[in-house]
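Biologist: Please give me a close look at one part of this model, the nonpolar core, and at what is placed around it. I am new to reading structures, so please explain each term as you use it.

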Amino acid sequence: MRSFPSRLVRTGGTIGSIALAAVLATATTAAAAGGPASLQIDDGTTVSSRQVVVGQCVNPSLTTHIESVAVGSRAGSGRMTVFQFRNCTGNVIRQGQSPMFFNPPTTIGSVRIDATP
């Protein structure tokens with residue numbers, strides 16, 4: 001039979017691990033959830049800009065000869081997925097951290113906002 005102090009230490013370690021896991025899960029969710037940001041799409045002649053939030057699928061007015069796509073705010077840059085077709089369908093052209101540059105310029109269909117700062 002274990003002594004009271006050793007059981008207390010074991011229980012405290014388990015509770016501490018659970019608390020740490022809860023804090024990390026909350027921090028990860030908060031980081032991904034971010035606030036509103038601006039999406040900018042540049043075709044070399046025109047820059048389209050609009051306000052976006054995480055999870056939003058954007059069907060931009062500029063879709064051909066795209067040189068760069070960026071999402072972010074004064075707090076930093078976000079993450080996004082660029083799709084071949086409208087409504088965030090079809091092949092993924094590129095996914096990751098903003099900004100994204102395309103050389104040669106490319107045609108896009110839509111952009112999903114995965115995270116904002």
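Modeller: I will begin with the model as a whole, then turn to the core, and end with the strands around it.

This is a predicted model, in which local features need pLDDT of at least 70 and side-chain atom pairs count only at pLDDT 80 or more, while totals for chains, interfaces and linings use all residues. Residues are numbered from 1 along each chain as its sequence is written, and side-chain values use heavy atoms, with hydrogens and water left out.

The pLDDT, which is the predictor's confidence in each residue on a scale from 0 to 100, averages 82 over the chain, and 72% of the residues score at least 70. Over residues 14-31 the pLDDT stays under 50, and for that stretch the model has one contact beyond four places in sequence, where contact means heavy atoms within 4.5 Å. The chain contains one helix and nine strands; these are DSSP runs numbered from the N terminus, with helices (H or I) of at least four residues and strands (E) of at least two. Of the contacts in the chain with a separation of 6 or more, 57% are between residues 24 or more positions apart.

Now to the core itself. A nonpolar core is a set of buried Ala, Val, Leu, Ile, Met, Phe, Trp, Tyr and Cys residues joined through side-chain atoms within 4.5 Å. Buried means under 20% relative accessible area, exposed means over 50%, and partly exposed lies in between (1.4 Å probe, protein chains only). By that rule, buried residues make up 26% of the 117 residues in the chain. The largest nonpolar core has 16 residues, and Leu39, Ile41, Val69 and Val111 have the most contacts inside it. Two or more residues of this core come from each of the elements β1 (37-42), β4 (66-73), β6 (79-85), β8 (100-106) and β9 (110-115). In soluble globular proteins, nonpolar side chains tend to be buried together.

Ile41 is a useful residue to follow from here: apart from neighbours within four places in sequence, Ile41 is in contact with Thr46, Val47, Ser48, Pro60, Leu62, Ile66, Ser68, Val69, Ile108 and Val111. One of these partners, Ile108, lies in the loop between β8 and β9, and Ile108 counts as buried because its relative accessibility is 2%. Leaving out residues up to four places away in sequence, Ile108 touches Ile41, Pro60, Leu62, Thr63, Ile66, Val69, Val82, Phe83, Gln84 and Ile93. Another partner of Ile41 is Ser48, which belongs to strand β2 (residues 47-52) and is buried because its relative accessibility is 16%. Beyond its neighbours within four places in sequence, Ser48 has contacts with Leu39, Gln40, Ile41, Ser61 and Leu62.

Strand β1 also holds Ser38, which is partly exposed because its relative accessibility is 22%. Among the residues that Ser38 touches, those up to four places away in sequence not being counted, are Ser49, Arg50, Ala70 and Val71. The side chains of Ser38 and Ser49 are joined by a polar contact of 3.1 Å; a polar contact is a pair of N or O atoms within 3.5 Å, of which, within protein, one must be able to donate a hydrogen and the other to accept it, and residues adjacent in sequence count only if both atoms are side-chain atoms.

Two of the strands that supply the core, β6 and β9, also belong to an open sheet of four antiparallel strands in the order β3-β9-β6-β7. Two strands pair if DSSP finds at least two bridges between them. At the edges stand β3 (57-58) and β7 (89-97), each with a single partner strand, so one side of each has no neighbour in the sheet. The antiparallel pair β6 and β9 has five bridges, with Arg79 standing opposite Ala115 in β9. β6 and β7 are joined by six bridges, one of which sets Phe85 against Thr89 in β7. These two strands form a hairpin with three residues between them, and Asn87 in the turn has a positive phi of about 60°.

Finally, Arg112 forms a salt bridge with Asp114, their closest N and O atoms being 2.7 Å apart; the term requires a side-chain nitrogen of Lys or Arg within 4 Å of a carboxyl oxygen of Asp or Glu. Arg112 is partly exposed, with a relative accessible area of 30%, and Asp114 is partly exposed at 24%.
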